[in-house]
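Reader: Hello! I would enjoy a close look at the nonpolar core here, along with what surrounds it. Could you walk me through it in one go?

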Amino acid sequence: MDDGTRDVFAGTLAELTWHEVDAAARSGAVLLWAFGVIEQHGPHLPTGTDVYLPVARLRAVRTLLAERGVQALIVPPYYWGVNVVSGAFPASYDVRPELMREIMVDLLAGMARDGFRHVFCFSGHGDALHNRTVHDGVRAACERTDADASFVTEPALARRIGLEADDPYLTLYGPDEPPPDGPVDVHAGSWETSLMMHTHPRLVREEVRARLEPSGVGPGELAIWRQGYEHARRVTPDGYLGDPAAADAAEGLRIQTAAAEQAAAAIVLRLRDDTRRLRQNASAHPQTERRNHG
């Protein structure tokens with residue numbers, strides 16, 4: 001349901017004082033950070049869809065983590081991302097991957113200086129280069145600073161952008177399932193519109209959505225679409241790929257609930273594994289530990 005939080009700062013650390021942020025870091029809180037873009041989403045969804053949806057998901061993940069004893073703060077979303085597929089459409093803005101990577105490094109380094117030991121980065125945008133850049137930013141920050149971050153994503157997306165399941169900078173969640181048969185639904189179609197109808201129904205142009213015909217794009221045309229720019233605009237001249245008219249708010253709730261539960265479980269598992277690893281390292285190098293702690 002639309003809880004009125006159109007403001008993407010709502011519920012994030014931007015609303016806290018520095019004393020409150022400092023106290024959270026000292027108490028062991030983790031950070032959740034969404035990476036989206038401002039991008040066209042057909043004639044029925046707002047250009048901020050890839051920002052609104054991951055922020056809404058992180059709110060749900062934070063609640064689930066709290067139920068499991070893990071305190072989490074939400075970082076204000078990053079929304080000037082890499083945009084290849086929709087790059088030929090108006091209101092689809094793009095930054096250079098190397099610029100985005102370096103911004104991530106600087107900000108993750110700052111979060112580490114504040115004492116946050118874990119930052120979990122989520123993507124709200126399916127563009128392959130955007131997601132590779134999120135991963136590159138996480139890896140560069142971990143290699144060059146004191147940051148401890150990971151990219152939280154589904155196995156299918158990780159595989160699509162060339163990452164191995166055991167990549168140390170990945171936190172994978174959800175089942176590893178092949179795409180369903182039939183027409184493709186990947187952008188502003190049924191599933192994404194269903195999510196927006198659940199989380200921000202007042203931003204969905206319902207009178208437009210209900211009249212849209214299915215795009216009918218198959219796997220072959222999807223490969224052309226993913227080349228981006230004019231290729232994508234030729235395949236989907238109205239900007240959506242799927243069946244928005246088939247969207248349903250109840251389905252959006254189901255998708256949101258399942259994804260949030262899977263992501264929260266994956267984060268808890270990673271935190272437990274990291275704790276176990278630290279304990280094993282401490283027991284294997286007791287002299288080093290005594291020196292480090294006086």
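Author: Happy to: what follows starts at the core and then moves outward to a helix, the salt bridges, and some loops. Please keep in mind that this is a predicted model.

The largest nonpolar core has 40 residues. Those with the most contacts inside it are Leu32, Val61, Leu65, Phe120, Phe122, Met196 and Ile267. Several elements build this core, with at least two residues each coming from strand S1 (30-35), helix H2 (49-67), S2, strand S3 (119-123), H6 and helix H10 (249-284). The most generous of them is H10, which gives nine residues.

A good place to zoom in is Ile267, one of the residues with the most contacts in that core. Leaving aside residues up to four places away in sequence, Ile267 touches Leu32, Val61, Leu65, Phe120, Phe122 and Thr171. Apart from this core lies another one, of 35 residues, including Val21, Ala29, Leu73 and Val105.

Val21 brings us to helix H1, which spans residues 18-26 and in which Val21, Ala24 and Ala25 are buried. Which part of the helix do these buried residues line? Looking down the axis of H1, they fall within an arc of 100 degrees, so they line one face of the helix. The face turned away from that buried side carries His19 and Arg26, both exposed. Part of the cover over the buried residues of H1 comes from S2. Just after H1, Gly28 takes a positive phi of about 95 degrees.

Next come the charged pairs. Side chains of opposite charge can pair when their charged atoms come close. A search of the whole structure finds seven salt bridges. In one of them, Glu102 pairs with Arg144, and their closest N and O atoms are 2.8 Å apart. This pair links distant parts of the chain, as Glu102 sits in helix H3 and Arg144 in helix H4 (residues 128-144), 42 residues apart. With a relative accessible area of 26%, Glu102 is partly exposed.

A salt bridge between positions three residues apart is found in helix H7 (residues 206-209), where Glu206 and Arg209 are separated by about one helical turn. Their closest N and O atoms are 2.5 Å apart. Is each partner buried or partly exposed? Glu206 is partly exposed, with a relative accessible area of 35%, whereas Arg209 counts as buried at 7% relative accessibility.

Helix H10, the one that gives the most to the core, holds a salt bridge too. Arg254 and Glu251 both lie in H10, three residues apart, about one turn of the helix. The closest N and O atoms of this salt bridge are 2.8 Å apart. Both ends are partly exposed: Arg254 has 49% relative accessibility, and Glu251 has a relative accessible area of 30%. As for shared partners, salt bridges join Arg101, Glu102 and Arg144 into one network.

H6, another contributor to the core, also deserves a look. Ser190 is found in this helix, which covers residues 190-199. Ser190 counts as buried because its relative accessibility is 18%, the cut-off for buried being under 20%. Not counting residues up to four places away in sequence, Ser190 touches Asp185, Asp243, Pro244, Ala246 and Ala247. In the loop between strand S5 (170-172) and H6 we find Pro178, which is exposed, with a relative accessible area of 68%. The C-alpha atoms of Pro178 and Val84 are separated by 24 Å, and these residues are 94 apart along the chain.

Finally, let us visit the loop that runs between strand S2 (72-78) and helix H3 (97-113), where Tyr79 is found. Tyr79 is partly exposed at 32% relative accessibility. Together with Trp80 and Tyr93, Tyr79 makes a nonpolar surface patch of about 330 Å². Ala91 is found in the loop between S2 and H3 as well. Although Ala91 is not a glycine, it has a positive phi of about 65 degrees, and at 25% relative accessibility Ala91 counts as partly exposed. Tyr229 is likewise not a glycine and has a positive phi, of about 50 degrees. The place of Tyr229 is in the loop between helix H8 (219-225) and helix H9 (230-235), and Tyr229 is partly exposed, with a relative accessible area of 38%.

Key. Residues numbered from 1 in each chain as written. Predicted model: local features only at pLDDT ≥ 70, side-chain atom pairs only at ≥ 80, totals over all residues. Heavy atoms only, no water. Patch = residues over 30% accessible without salt bridge, like charges linked within 9 Å, V, L, I, M, F, W, Y side chains within 5 Å. Areas by Shrake-Rupley, 256 points an atom, 1.4 Å probe, with all protein chains shown as cover. Salt bridge = Lys/Arg side-chain N within 4 Å of Asp/Glu carboxyl O. Helix = DSSP H or I, 4+ residues; strand = E, 2+ residues; numbered from the N terminus. Buried < 20%, exposed > 50% of the residue type's maximum accessible area, 1.4 Å probe, protein only. Contact = heavy atoms within 4.5 Å. Core = buried A, V, L, I, M, F, W, Y, C linked by side-chain atoms within 4.5 Å. Arc of directions from axis to C-beta.
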